[in-house]
Amino acid sequence: MKYLLDNDVFLAAIYAGHEFHESSRKWLDDHKSEGWGIAAETWLAAARLLMNPAVMGSGLLTSGDAIVAIETELAGPRPGTVVLPLQPPDASWLAQAEGHRQIMDIWLIQIAHDCGAKLATRDGG
């Protein structure tokens with residue numbers, strides 16, 4: 001696996017109404033052959049957002065439909081992997097967070113590092 005996707009890339013790739021859908025869809029399709037995956041946390045975050053009326057408006061999905069959307073993206077000729085962490089969060093990594101928004105990003109960086117992958121994200125910094 002070469003890339004571990006952050007939810008900002010994964011959700012945008014599977015949700016056509018996302019402002020970055022086209023660019024995320026293209027990026028994922030262009031890189032799937034190199035190997036890709038999502039952390040279990042990203043899987044759950046995508047399901048939660050696909051079911052959230054504040055995100056999806058009247059097009060929100062049921063839990064079953066959200067699961068199908070995620071599993072459909074993970075399947076296919078160039079399937080993705082759901083990655084479980086190899087070890088618990090490392091406090092020295094997490095201590096680098098400059099605010100609450102960076103905790104999950106740093107955790108995903110640790111998971112990607114442990115798997116020998118690069119984190120694919122839209123987050124800056």
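Which way is the crossing where α1 passes α3, right-handed or left-handed?

1. It's right-handed for α1 passing α3 (clockwise turn of the near helix from the far one by less than a right angle; anticlockwise would be left-handed). Quick caveat: this is a predicted model, where local features need pLDDT of at least 70, side-chain atom pairs count only at pLDDT 80 or more, and totals for chains, interfaces and linings use all residues. Residues are numbered from 1 along each chain as its sequence is written, and side-chain values use heavy atoms, with hydrogens and water left out.

2. The axes of helix α1 (residues 7–14) and α3 come within 10 Å and cross at roughly 50°. That makes α1 oblique to α3 (not under 35 degrees, over 145 or 65 to 115). At the contact (heavy atoms within 4.5 Å), N7, F10, L11 and I14 of α1 meet T42, A45, A46, L49 and L50 of α3.

3. Have a look at Y3 and W27: their ring centres sit 5.0 Å apart with planes at 75°, so the pair is edge-to-face (centres within 6.5 Å, planes over 60 degrees apart). Y3 is in strand β1 (residues 3–5) and W27 in helix α2 (residues 21–31), 24 residues apart. Y3 is buried at 11% relative accessible area, while W27 is partly exposed at 24% (buried is under 20%, exposed over 50%, partly exposed in between, with a 1.4 Å probe and protein chains only).

4. In α7, the buried residues are D105, I106, W107, L108, Q110, I111 and A112. They pack against β1, β2 (36–39), α3 (40–50), β3 (81–83), α6 (91–94) and β4 (118–120). Just after α7, G116 takes a positive phi of about 75°.

Terms used: Rings of Phe, Tyr and Trp (its six-membered ring) pair if their centres lie within 6.5 Å; planes under 30 degrees apart count as stacked, over 60 as edge-to-face and the rest as tilted. Helices (H or I, at least four residues) and strands (E, at least two) are DSSP runs, numbered from the N terminus. Axes are lines fitted to C-alpha atoms, for helices over the stretch in contact, and angles run from 0 to 180 degrees between N-to-C directions.
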